[in-house]
Number of protein chains: 2
Amino acid sequence: MKIVLDAMGSDSAPKVEIEGAIQAIQEYGYEVILVGDEAVIKSELSKYKYDSTKLTLIHASEKIEMHEPAALSVRRKRHSSIVVGMDLLKKNQADAFISAGNTGAVVCAATLSLRLLPGIERPGIAIVIPTLVGVSMIVDVGANIDPKPMHLLQYGIMADAYCRYILHKPNPTVGLLNVGEEDTKGTDFIKETHMLLSESKLNFIGNIEGRDIYAGTADIVLCDGFVGNVILKVSESVIDTIVKLLKNEIKSSIIATLGAALASSAFVALKKKMDYSEYGGAPLLGVDGRCIISHGSSSPKAIKNAIRVAAEAKEQDVNKRIVEELESY
Amino acid sequence: MKIVLDAMGSDSAPKVEIEGAIQAIQEYGYEVILVGDEAVIKSELSKYKYDSTKLTLIHASEKIEMHEPAALSVRRKRHSSIVVGMDLLKKNQADAFISAGNTGAVVCAATLSLRLLPGIERPGIAIVIPTLVGVSMIVDVGANIDPKPMHLLQYGIMADAYCRYILHKPNPTVGLLNVGEEDTKGTDFIKETHMLLSESKLNFIGNIEGRDIYAGTADIVLCDGFVGNVILKVSESVIDTIVKLLKNEIKSSIIATLGAALASSAFVALKKKMDYSEYGGAPLLGVDGRCIISHGSSSPKAIKNAIRVAAEAKEQDVNKRIVEELESY
């Protein structure tokens with residue numbers, strides 16, 4: 001198993017990428033190709049001990065910044081870590097590509113370089129989230145902010161295959177995110193998508209609401225990339241806000257501080273459950289290759305888990321399953 | 001001050017409405033007109049002691065259920081508590097109308113009966129949320145799921161007046177919710193709205209992201225009603241999920257249970273801060289009358305606070321301020 005990792009992607013690059021890569025090498029024995037500024041990476045790497053036969057370094061002289069426009073930067077920065085890394089995957093020199101960098105640029109580079117699977121019109125980012133009853137997937141969380149109903153059907157079919165073979169859910173339920181459960185509610189886009197999903201072979205359970213997501217009402221939650229992106233960022237923000245407010249409240253009382261110390265085991269267990277980094281990265285569904293997108297603020301553990309997710313996609317040959325499922329339509 | 005309260009609206013109607021009304025009468029001395037099924041309300045009222053000179057009962061033989069289509073049910077159910085209550089406001093027999101019932105039906109009845117303020121094309125629901133640094137408003141959270149850019153500008157102008165006179169923020173900042181901060185990001189709808197807001201007299205700070213909402217980056221967050229509705233429901237769901245997971249974790253350990261008991265003061269303080277019921281209800285901005293929409297799962301305290309919010313809108317004459325601000329454009 002050989003994974004290409006954009007070493008310049010995250011907010012704390014290349015430190016967290018290097019630590020995550022070394023953890024993955026030690027824990028899983030995979031090979032990792034780090035792509036980025038050679039001097040910077042070498043200097044950082046010198047601080048660690050690792051199996052050098054498993055870690056390769058490929059130089060990329062440019063970097064696409066977070067704020068840069070996606071399509072333009074991919075076309076102009078041919079020597080960026082994203083473009084160079086994606087090319088390695090394209091040339092079959094690796095099994096998967098991972099980046100915690102500019103999401104739009106990764107989606108664009110993957111689409112241009114790897115091309116789309118037959119029958120897919122637009123790629124979608126799928127993210128695994130923890131729920132009260134296990135885990136669910138949300139597609140799309142930002143690749144396609146103005147999709148057509150057909151795109152959401154395609155996301156549903158791809159997520160169905162992913163759920164079956166990676167999350168081991170035999171007959172995953174599919175819900176369409178809406179402002180109400182009734183078929184008559186929603187925008188024209190939602191009503192058309194509802195009709196397409198109803199006529200499909202998916203295990204479609206109808207419209208679901210924002211409150212159903214973390215209740216785990218559906219295994220797969222379909223929405224446009226604008227709404228999906230807002231959901232992710234708002235969810236993270238609510239959790240951060242609660243933690244900050246709680247810390248302030250607790251600091252203001254000695255008894256509460258003592259209590260919080262005793263209750264801390266519960267907080268640790270909870271944090272693990274709510275922790276996105278446990279799932280590492282979001283697969284970009286629909287491109288002809290394995291591409292995992294990680295959060296800009298990823299920890300080394302998140303990068304390590306993204307590498308695990310990428311390896312699972314290869315082992316289970318998810319794209320072959322997706323193509324089979326698409327052909328059956 | 002005389003407030004019309006839909007007694008049949010909430011999930012636990014008319015119990016919570018009656019308790020909330022009695023609390024408001026006792027605490028603020030306002031008069032409340034309860035509208036709904038006379039027999040049911042009388043039977044429930046008989047359990048309480050209250051100042052009967054302050055509480056009137058108006059019979060409404062029908063009820064619009066939560067799942068009923070908004071426009072159709074308002075036209076067909078002329079004797080419903082929502083339509084009858086709104087008519088009382090229209091006829092100047094009260095200062096404001098409050099309902100925790102079918103939101104779409106309340107918006108529709110208010111628009112048909114009260115009509116819109118001059119210069120306003122669509123009403124919008126504004127909700128006050130707690131943030132790390134105080135409170136902010138989100139408009140729209142569900143009245144208008146497929147708005148035009150001009151509608152969001154109108155929401156901004158109305159929310160600006162509301163913030164100045166009710167929330168006492170002298171120069172409120174306005175943010176446009178988007179998937180990124182850059183001007184070039186977002187759908188055509190977002191880009192057009194961004195241009196309108198940039199050219200306006202509002203204190204527009206540009207695009208903001210989902211994570212900025214609870215950080216309090218903007219005093220006013222503008223978004224379409226679909227996205228706003230999802231934000232509200234997802235936020236509530238994240239909080240509920242955290243509380244449930246934490247309870248499960250804590251139950252599984254004696255030390256953690258003891259700790260949680262000691263830390264409970266912090267939880268209570270936190271809950272108060274995060275508690276939507278402290279803010280009671282969401283004003284429906286843009287209709288020519290005072291209309292407050294409460295959550296279907298409102299507590300008596302939330303109803304009491306909705307009555308307070310309605311009274312403040314009357315005292316500060318928010319609609320007059322809105323019209324003045326619109327005329328200055």
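1. In this predicted model, Pro14(B) sits in the loop that connects β1 (2-6) with α1 of chain B, and the peptide bond leading into it from Ala13(B) is cis, with omega near -5°. The corresponding entry for chain A reads in a similar way: the bond from Ala13(A) to Pro14(A) is cis, with omega near 0°, and Pro14(A) is found in the loop between β1 and α1 of chain A. A further backbone feature to check by eye in chain B is Arg115(B), which has a positive phi of about 70° although it is not a glycine, and which lies in the loop between α5 (103-114) and β5 (124-131) of chain B.

2. The helix that follows the cis proline loop in chain B, α1 (residues 15-28), packs against α11 (residues 300-315) of chain B, their axes coming within 7 Å and crossing at roughly 50°. Because of that angle, α1(B) counts as oblique to α11(B), and the crossing of α1(B) past α11(B) is right-handed. On the α1(B) side the contact includes Val16(B), Glu17(B), Ala21(B), Ala24(B) and Tyr28(B), and among the residues they meet on the α11(B) side are Pro300(B), Ile303(B), Lys304(B), Ile307(B) and Arg308(B). Sorted by class, the residues of the contact between α1(B) and α11(B) are eight nonpolar, two polar and five charged.

3. Chain A contains an open sheet of eleven strands with mixed pairing, in the order β3-β2-β1-β4-β11-β10-β5-β6-β9-β7-β8. The edges are formed by β3 (55-59) and β8 (203-208) of chain A, each of which has a single partner strand, so one side of each is left without a neighbour in the sheet. Direction ignored, neighbouring strands of this sheet are turned by 25° against each other on average.

4. At the β3 edge of this sheet, the partner strand is β2 (residues 31-36) of chain A, which runs parallel to β3(A) and is joined to it by five bridges. Within this pairing, Val35(A) has Ile58(A) of β3(A) as its bridge partner. Helix α1 (residues 15-28) of chain A lies across β1 (2-6), β2 and β3 of chain A, and its direction is at about 170° to that of β2(A).

5. Chain A is divided into domain 1 (1-116 + 286-317) and domain 2 (121-284), and the centres of these two domains, taken over C-alpha atoms, are separated by 25 Å. Between them, 24 residues of domain 1 of chain A are in contact with 18 residues of domain 2 of chain A. On the domain 1 side, the elements that give two or more residues are α5 (103-114), β11 (291-293) and α11 (300-315) of chain A, with the largest share, eight residues, coming from α11(A). The residues on this side divide into twelve nonpolar, nine polar and three charged.

6. Two further helix pairs in chain A deserve a look. Helix α4 (residues 81-90) of chain A packs with α5(A) at an angle of about 35°, with their axes 10 Å apart, in a right-handed crossing. The residues making this contact include Ile82(A), Val83(A) and Met86(A) of α4(A) and Ala105(A), Val106(A) and Leu114(A) of α5(A), and by class the contact has nine nonpolar, one polar and two charged residues.

7. The second pair is α6 (residues 149-165) and α12 (residues 318-327) of chain A, which pack at an angle of about 130° with their axes 9 Å apart, and α6(A) is therefore oblique to α12(A). Their crossing is right-handed. The contact is made by residues including Ile157(A), Met158(A) and Tyr165(A) of α6(A) and Val318(A), Ile322(A) and Leu326(A) of α12(A); by class it has eight nonpolar, no polar and three charged residues.

8. Between the chains, 51 residues of chain B are in contact with 52 residues of chain A. The elements of chain B that give two or more residues to this contact are α8 (225-251), α9 (254-262) and α10 (264-274), of which α8(B) gives the most, with 19 residues. The chain B side divides into 29 nonpolar, 13 polar and nine charged residues.

Conventions:
Residues are numbered from 1 along each chain as its sequence is written. Chains are lettered from A and ligands numbered from 1 in the order in which they are written. This is a predicted model: local features need pLDDT of at least 70, side-chain atom pairs count only at pLDDT 80 or more; totals for chains, interfaces and linings use all residues. Axes are lines fitted to C-alpha atoms, for helices over the stretch in contact, and angles run from 0 to 180 degrees between N-to-C directions. Helices (H or I, at least four residues) and strands (E, at least two) are DSSP runs, numbered from the N terminus. Angles under 35 degrees count as roughly parallel, over 145 as roughly antiparallel, 65 to 115 as roughly perpendicular and the rest as oblique. A crossing is left-handed if the near helix is turned anticlockwise from the far one by less than a right angle, and right-handed if clockwise. Two residues are in contact if their C-beta atoms, placed from the backbone, lie within 7 Å. Ala, Val, Leu, Ile, Met, Phe, Trp, Tyr, Cys and Pro count as nonpolar, Asp, Glu, Lys and Arg as charged, and the others, Gly among them, as polar. Two strands pair if DSSP finds at least two bridges between them. Domain bounds come from an automatic or database domain assignment.
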